[in-house]
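Subject: Structure for you to look at

Hello,

Here is the structure I said I would pass on. Please open it next to this message and follow along.

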Amino acid sequence: MRRAPQIGLLADGRRLHLQDGPIDLIVEARGSETGLAAAYQAAARRFIGLLDELCAELPLLRQAADPARCPLQGTVARRMHAAVAPFAAEHFITPMAAVAGAVAEEILGAMVQSARLARAYVNNGGDIALHLEDGERFTVGLIDRPDAFGLMRTTSIGSGDPSRGVATSGRHGRSFSLGIADAVTVLAPTASQADAAATIIGNAIDLPGHPAIIRCPAHDLQPDSDLGARLVTRDVGELSDHEIADALAAGAGCARHLLAKGLIDGAALRLQGKTVVVALKGFDATALLLPVSHHRPMEGVLHA
Amino acid sequence: MLTDTTSVTAAGNADKIRCDACPVMCYIKPGAAGACDRYANHKGELVRVDPHIVLQRTVSHGGRLVPFQAGGDWDGKIVHEPSVFVTAIGAGTTYPDYKPAPFIVSSEVEGVDMVTVVTEGIFSYCGVKVKIDTDRHLGPETATVRAQGEAVGHVTTGEYGSQMLSLGGVHHLTGGSKKEGRVTCDALMDLSNCKPVELTIDGGAIVVVQAGRPPIVNGVAEERMRVGCGSATIGMFAKQWHGKVDEVVVVDDHITGVLSEHQAGKLLDIADSGIKMKGRRSTPGRYFQVAEPGTGWGGTRISDPLSVLGPFDPKTARPGLTMLMVSTTGEHAAYYELDAALQPIEKAMPADLKLSVERIQENCEPALCTVLFMGGAGGSLRAGVTDNPVRLTRSVKQALTRVTSGGAPVYVWPGGGITFMVDVTRLPAGAFGYVPTPALVAPIEFTMRLADYAALGGHMDYVRPLASLKDNTEIRQMPESSDPGRRA
């Protein structure tokens, strides 16, 4: 079949939507009219063919990363490797753990190079690359589970903060998790770093051997999964408060370790309604209940 | 199943297929989806998994939605000439080729620039209303209805000759345990796709429900729905019984009718028989609660009809008096004569009375299960169709916009929002899908005049001529509504 990426503005006329195969990006920038047009065109140009570039090296991208050496050629592929390499000595991790963040960064890079933008983001299914000029700020909403929308928290990232990447990982995601977290959101210097770190922290939130946790070899679910025969989490039964606290503590320990090594700027960990926050400043702990009548209905949330 | 422009490569291993929709070239196992969550392996066939959501995301992501004018009455084809209709089924496959995005990232919330979330998800507010044509007692009102032991809905009101079940809804889909949600989703999808589902009612019957098929109650297939309540049956057949029998009792769980006391009998000057009914007399010749509800005669639990009678009044009754007892479907019938002690003794039924019983049967329509899918088309869907969503609602209410589901006509429930019901037997096979949230996905289309669409604030830039679409679209004949369930 002839495959053409989907490139177009969203219904609001502001945000750009780019989709090709499993890649799905929401892009928004603020700048002059000509700057915006140039940036969106640059994003679209870079997007075309990007999936093919990645797929050309797919077998290598699905192998455990070598912590010392990068055999990959493509810019995005090398960025993926660089993001996971710091973890590769201690953990099984493949460059695929950073694919979403690395793609977001690549598109954002193309935009920022082509025009002067006050601020911009590229959101790849929750893995987000940010650009902020001096004095600019983003507010990021955190949702633990897409099917339990009631609770939402926010965090704020200003131009003075080091973070330019946000990523969320968890067992409800499209990629498999070795852990049991509902969501791990990480702020890091880059989106690919945040993506990789969220995976590592998500895997650390676990209760090995717990009878209420159902696991299954990844390749039984997806024959070509990069996780091979590793057991991925399929279902988590009800856990006691004590067990939730234990699992979250294991994840928080991992997050603090990464924080100390400068690999992340902060993290929010969520499991069965409980949240643990590591070094996330400006984290709005007050639950913002959605949807509420005085808010605009969220597109895509309230529907049949 | 759905129109697909993507080919499939057999991958040696017969149960695994390889998708070539994109260069990732996923191997997909049966029952699983590829990396994009968009193509799945259904029994060795590559299919799109969630047509409704695809459309929904298409519109909520500004994807090009294609409204068409359909002039005059729809002739039952999904795509037809000269006026053309396009359904949402497979909307994402044929056009636009579009992946269900993690749509929440495109959500806008006041004061929040973007949202980070694990993945996409769907909120589902939908369910099915099941009408089971039977007089048999399926269970008390509000009793829990279970599938595979999980609560999936409840018994609601009994209507004329039918028992209604209300299944699904957000409470069972997402409000209970995970298993409850999954089982509910499976049951709803199977029912909507005209497959049989066994339902167990707390304190009641086990019933196998399949849209367009007779219900199977406790292992027995129901044949007919009743001709009317007991009283109505008396009214309908009084003249035919007149002169052939002295007394008729139509046994009914709701209203048992007695010919000699009934207004219809009085008008024919039928003499008092001295009969004494159990139960509570409502008006002359009409009795409530002659027996407990059940799966016996006329929806009561009795197998011996004489058990609803007291002793005949010796002042009025006479030996040799003849009596017909019959259920509201004619399925049960017996003929009696009073002996010297005024005891009813069963005798062979005279031919002309047998004929009247057959006439009752003949006038009973075939008992069926009917499944109406019911869902609300909320914010996002409307927002995708127009930049001022409420205008779409108003347009639907003013009948300027026609709503259909998979090309089938729907009933739009008045009031707020766009809540619609559709007879699932009128949709093409496999029109309903699900996502693991769990939630059901169903097609929905809005059809309106182009000028009305423009007036709504529609996305005119994306209106596309049909010619550009048709080459990729399968033309399908809808099942005849007179033969529901045929495709099941």
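Which strands of chain A does helix α5 (residues 99-114) lie across? They are β3 (23-31), β4, β5 and β8 (165-169) of chain A, and the helix runs at about 155° to β4(A). Before going further, please keep in mind that this is a predicted model.

Chain A, the sheet

The strands just named belong to an open sheet of 9 strands in chain A, in the order β1-β2-β3-β4-β5-β8-β9-β12-β13. The pairing in this sheet is antiparallel. At its edges stand β1 (6-9) and β13 (274-278) of chain A; each has a single partner strand, so one side of each is left without a neighbour in the sheet. From one strand to the next, the twist averages 10°.

For a closer look at one pair, take strand β4 (residues 117-124) and strand β5 (residues 127-132) of chain A, which pair in the antiparallel sense over 6 bridges. If you want a place to start on screen, find Ala120(A): the residue opposite, in β5(A), is His131(A).

Chain A, two helices

Next, find helix α4 (residues 75-88) and helix α6 (residues 191-204) of chain A. These two helices pack at an angle of about 40°, and their axes are 9 Å apart. Why is α4(A) called oblique to α6(A)? The label "roughly parallel" is kept for angles under 35 degrees, and "roughly perpendicular" begins at 65. The angle of about 40° falls between these, so α4(A) is oblique to α6(A). Their crossing is right-handed.

The α4(A) side of the contact consists of Arg79(A), Met80(A), Ala83(A), Val84(A) and Phe87(A). They meet Ser192(A), Gln193(A), Asp195(A), Ala196(A) and Ile200(A) in α6(A). Sorted by class, the contact of α4(A) with α6(A) has 6 nonpolar, 2 polar and 2 charged residues.

Chain B, overall

Chain B has 11 helices and 29 strands. Of its 488 residues, 55% count as buried. Take the contacts in chain B between residues at least 6 apart in sequence: 62% of them join residues at least 24 apart.

Chain B, a sheet and a helix across it

In chain B, 7 strands form an open sheet in the order β17-β18-β16-β15-β19-β20-β21. Here the pairing is mixed. The edge strands are β17 (280-283) and β21 (344-347) of chain B, and each of them pairs on one side only. The twist of this sheet averages 30° from one strand to the next.

At one edge, β17(B) runs antiparallel to strand β18 (residues 286-288) of chain B, and 3 bridges join the two. Within this pair, Arg280(B) has Phe288(B) of β18(B) opposite.

A helix lies across strands of this chain too: α5(B) crosses over β15 (247-251), β16 (256-258), β18 and β19 (322-327) of chain B, running at about 150° to β15(B).

Chain B, two helices

Helix α5 (residues 230-241) of chain B also packs with helix α7 (residues 351-362) of chain B, at an angle of about 145° and with axes 11 Å apart. The crossing of α5(B) and α7(B) is right-handed. From α5(B), the contact is made by Thr233(B), Phe237(B), Gln240(B) and Trp241(B); from α7(B), by Ser356(B), Arg359(B) and Ile360(B). The residues of this contact divide into 3 nonpolar, 3 polar and 1 charged.

Regards

Key:
Residues numbered from 1 in each chain as written. Chains lettered and ligands numbered in written order. Predicted model: local features only at pLDDT ≥ 70, side-chain atom pairs only at ≥ 80, totals over all residues. Axes fitted to C-alpha atoms, helices over the stretch in contact; angles between N-to-C directions. Helix = DSSP H or I, 4+ residues; strand = E, 2+ residues; numbered from the N terminus. Left-handed = near helix turned anticlockwise from the far one by under 90°. Contact = placed C-beta atoms within 7 Å. Nonpolar A, V, L, I, M, F, W, Y, C, P; charged D, E, K, R; others polar. Pairing = 2+ DSSP bridges. Parallel < 35°, antiparallel > 145°, perpendicular 65-115°, else oblique. Buried ≥ 20, exposed ≤ 12 C-beta atoms within 10 Å, placed from the backbone.
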